[in-house]
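Subject: Structure handover

Hello,

The sequence and structure are below. My notes on a pocket and on some salt bridges follow.

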Amino acid sequence: MDNIKSYVGQHKDRFINELIELLKTPSVSADSAYSQDVMDTADAVLESLKAAGCDNVELCDTPGYPIVYGEKIIDKNLPTVLVYGHYDVQPADPVDLWDSPPFEPVIKKTELHPEGAIFARGACDDKGQMYMHVKALEYMVRNNNLPCNVKFMIEGEEEVGSPSLAWFVERNQEKLANDVILISDTGMISNEQPSITTGLRGLSYVEVEVTGPNRDLHSGLYGGAVANPINVLTKMIASLHDENNHITIPGFYDKVEELSREERDEMAKAPFSLEEYKRALNIEDVYGENGYTTNERNSIRPTLDVNGIWGGYTGQGAKTVIPSKAYAKISMRLVPAQDWHEITELFSKHFTSIAPKGVTVKVTPHHGGQAYVTPIDSVGYQAAAAAYEESFGIKPIPVRSGGSIPIVALFEKELKSKTIMMGFGLDSDAIHSPNEHYGIFNYLKGIETIPLFYKYFTELSNK
C-alpha cells in the first residue's frame, strides 16, 4: 500500500491534468451535434490504454458508437478481470445553472472536498471513475505487480441506454471471457465510511404523448369545450400514485420482494442523517411511499417519476392556446424479480386505458434493464471488501443503490460472471445535474484502492 501511495503522490498532478483534458471534450451521446466529440473521446481513451500498458487495444465497431477494447494478458492460467466503463456523458442542460462552463473543468474546494473537486460534466459519471482504472493499470504495469490478466470494455452509449452493448457482447463472448467484472459507476457512503454497492434497481423508461384537437386552438373560443391535452396529461400522471404514494398500475407490485425485518434492520446500520440529507437538498421534508424509510424508498422499493413534461406555448410572454399535444418522459425504477419488459407493457396498457374520450394516447418505450444483486459471499465481493479495508482502514458496508446500470444483468446472462461495483463517488457529486463534480481525494483514492482488488482477487481465486 505504501508503494501505491508513493506512486500516486509522485504522479498526482499528471493524473489530475490528464483527467481534466478528457473532461474538456463534450462526449454527449444523446445529441448528434456532438458525434465527433464522442468519437474523439473514444480515440483518447484508446490512447490512454496503450500508454497505461495494454498490449492489445482496438476500437470495435458497433451499430452505434465504438467500444474501446484493451487487454493485458500475462498468463492464461491466471484469473481475468474485465473492467467496464463508459466515455459518454449526459447533456449539460440547463447550462445556465452551472457556476462554471460544464466542459471547462475547474478545481474548487468545498466543505466535503477540502482538497478540491473537479467541476465538469462527466467528472464523476463516468470519466473520472473510469479513468481511475486506467491509471491503476499504469501503476501495476510500471511497477511489475499486475497479479492477473485484465481486459477493458469502455463504451460510448451508456447515457442513452447502451443500445449497441448487447449486440457487441453477444458477438464477442470469447474476447470478453473473464472471471469477474469490475465497474466504478456507483458511489460510496462517505470519504470516511466506504461502501460497496451490492444491488441495483432495474429501469423502464417511456415517453407518452397525448393528442387532442388536430391543431392548437384559441383558448377563449374553445376553452371548456375541447379537452386540453396538458390538463388531461397532468391528471393522468397524478393518478399514477395514490394518497400513500403507492403506484396504482395494476400488477405493478406483483413480483416485488418484501425484505424481511432482519434484512431491513441490517440496511439501517449504514450511517445516515435525515437532517443532513434534507439540508443538503434544501428541502423541508422528505416524500415517498408510506411505511418505508428514506434509504428504503430509494433502494429496495420501485418508483415512478416524471423526468420531463412539455406542451403548448412556453416562450416569452403570453399565447392563449389549447395545445394539440402534450408530452412527458417517465422512468420507473424496478427491484429484483420485476421484469422491465413486463412493467413497460403494464404501464402502456394502464396509461392508455385511463385516457378520457376526446384525446388519444401514444406510449413509446425508450430503454430499460433488469435489477441486479451481487452476493456478499462471492470471491469478488470479498476481494473488494479487503481492498477498501486496507485502503481506508475501515470495513466497507454493503448497500443497495437506487440507481440502475442495466448492462450488469446482461453481463451475467451472456458472460456468466459476477459484477463488483467499486464506486468512489458521493451522493453530493451532482451527477446528471448542473455543477457535477468529483473529489480529488476520491479520484486518487480509487487509483490507490483498485490495485488491491486485483491482489486480493487473485489470492482468493487461487485458494
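In the second largest pocket, H12 gives the largest share of the lining, four residues. Helices (H or I, at least four residues) and strands (E, at least two) are DSSP runs, numbered from the N terminus.

The model is predicted, so local features need pLDDT of at least 70 and side-chain atom pairs pLDDT 80 or more, while totals for chains, interfaces and linings use all residues. Residues are numbered from 1 along each chain as its sequence is written, and side-chain values use heavy atoms, with hydrogens and water left out.

A pocket here is an open set of points on a 1 Å grid over the protein atoms alone, where a 1.4 Å probe fits, with protein on both sides within 12 Å along at least five of seven lines; lining residues have an atom within 4 Å of a point. The second largest pocket has a volume (the space filled by probe spheres set on the points, which are joined across faces, edges and corners) of about 330 Å³. Among its 15 lining residues, Trp 340, Gly 368, Gly 369, Pro 406 and Leu 410 are the closest to the centre.

The structure holds 23 salt bridges (a side-chain nitrogen of Lys or Arg within 4 Å of a carboxyl oxygen of Asp or Glu). In one of them, Arg 14 pairs with Glu 18, with the closest N and O atoms 3.0 Å apart. Both residues lie in helix H1, four residues apart. Lys 135 and Glu 138 form another, at 2.7 Å from N to O. These four residues and Arg 142 are linked in a network of salt bridges.

Regards
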